[in-house]
Amino acid sequence: MKTHRIALIPGDGIGTPVIDAAWQVLEKTAKTYGFAVDGTTFPWSCDFYRKTGSMMPADGIETLRGFDAILLGAVGWPAEVPDSVSLHGLLLPIRKAFVQYANIRPHRLLPGVEGPLKAENFDILCIRENTEGEYSGAGGRVHQGTADEVAVETSIFTRTGVERILRYGFEQARARRGKLASVTKSNAQKYSMVFWDEITAKLSAEYPDVQVASYHIDAMAARMVMAPESLDVVVASNLFGDILTDLGAAIQGGLGFAASANINPDRSAPSMFEPVHGSAPDIAHLGIANPIATIWSAAMMLDHLGEAEGAKAIMAALEATTARGIGTLPGRNKTDEITHAVLSALDA
Ligand code: GGG
């Protein structure tokens, strides 16, 4: 029997209950579909930072490298650790070290979930560049605390980085409905974003079967609200993709439904799966965190690990659960209730 070794990083706040929920679903799916999951939990979080001075141990990346995949909950506890420290101490180093350059985020309405829009039949796959761009971490501050202070933060766009994420987008579009929307702000950002547009145009010659359109980020934000059905695959830089996918989460009913996969397409290192949402300190101890985004992310993980039947079963169980109105509104059901409903639906 095939065993998949999974590193579990619950992180902070609602990260713990949503990872518990997803793990129960994974274990049950594994039993039914004839494979095994072997989970190892790592307590790396803001609490770990308070105790040790870092978000993960110095050999954290090398430890994770030995796993088949990583399932992560949420990172951040701003009352105690600045978000810039927690994000740059855990999530971003993992994405960069493991060359998880494609951050995949599906946006569609699950049955029974009412989004804020009239539109119901949209199915968008956002692909966010995940290792460079605006989140490169290149910059600095000088004359700190004085009137002459200067802060510089440089976006880095490499030909390798831009070409590979666009190629990934073209391939996804080819496998779906054949439409790719490339997002920039090349009227205002005349170096990096013009560069991105040029590479989009160059690659489009290799994909004559894919219909390509370029949008500015502001126009894309409006389109996702006004005409989401017109979109298929959307590819954007790290920051633009981050922002657009919170908008995507909103139109699919909220962050409780937004799943994501940080993919290393070459499989030279583990990929990481996580809900789009953060640690939600305001509801962290109420038992009402929605585990659906994390369970959906776990289904994406199984698909990546070659367990397509198990992944499909989880998605069917999630859809059966929301179709009954369970987990469809914030706070309507407890985390445990939603989890049990998904587990029961897996039996059906
Ligand atoms: N689920 C992981 C998490 O905590 N995400 C919150 C966050 O701020 N992520 C930043 C990012 O995705 O770049």
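These legends walk through close-up views of where the two domains of this predicted model meet. Residues are numbered from 1 along each chain as its sequence is written, and side-chain values use heavy atoms, leaving out hydrogens and water. Local features need pLDDT of at least 70 and side-chain atom pairs count only at pLDDT 80 or more, while totals for chains, interfaces and linings use all residues.

**View 1. Domain 1 (1-106 + 254-348) alongside domain 2 (116-251).** The bounds come from an automatic or database domain assignment. Their C-alpha centres sit 24 Å apart. Each side puts residues into the contact (heavy atoms within 4.5 Å): 19 from domain 1 and 19 from domain 2.

**View 2. The area buried between domain 1 and domain 2.** It comes to about 1,600 Å², with 57% from carbon and sulfur atoms. Buried area here is the accessible area (1.4 Å probe) that the two parts lose on being put together, summed over both. On the domain 1 side, look for Lys 96, Tyr 101 and Arg 105: this trio supplies 40% of what domain 1 buries against domain 2, more than any other three residues.

**View 3. The salt bridge between Arg 105 and Asp 242.** Their side chains meet at 4.0 Å, N to O. The count between the domains is one such bridge (a side-chain nitrogen of Lys or Arg within 4 Å of a carboxyl oxygen of Asp or Glu).

**View 4. The elements on the side of domain 1 that touches domain 2.** α4 (83-97), β4 (102-108) and β11 (259-263) each give two or more residues; helices (H or I, at least four residues) and strands (E, at least two) are DSSP runs, numbered from the N terminus. β4 has the largest share, five residues.
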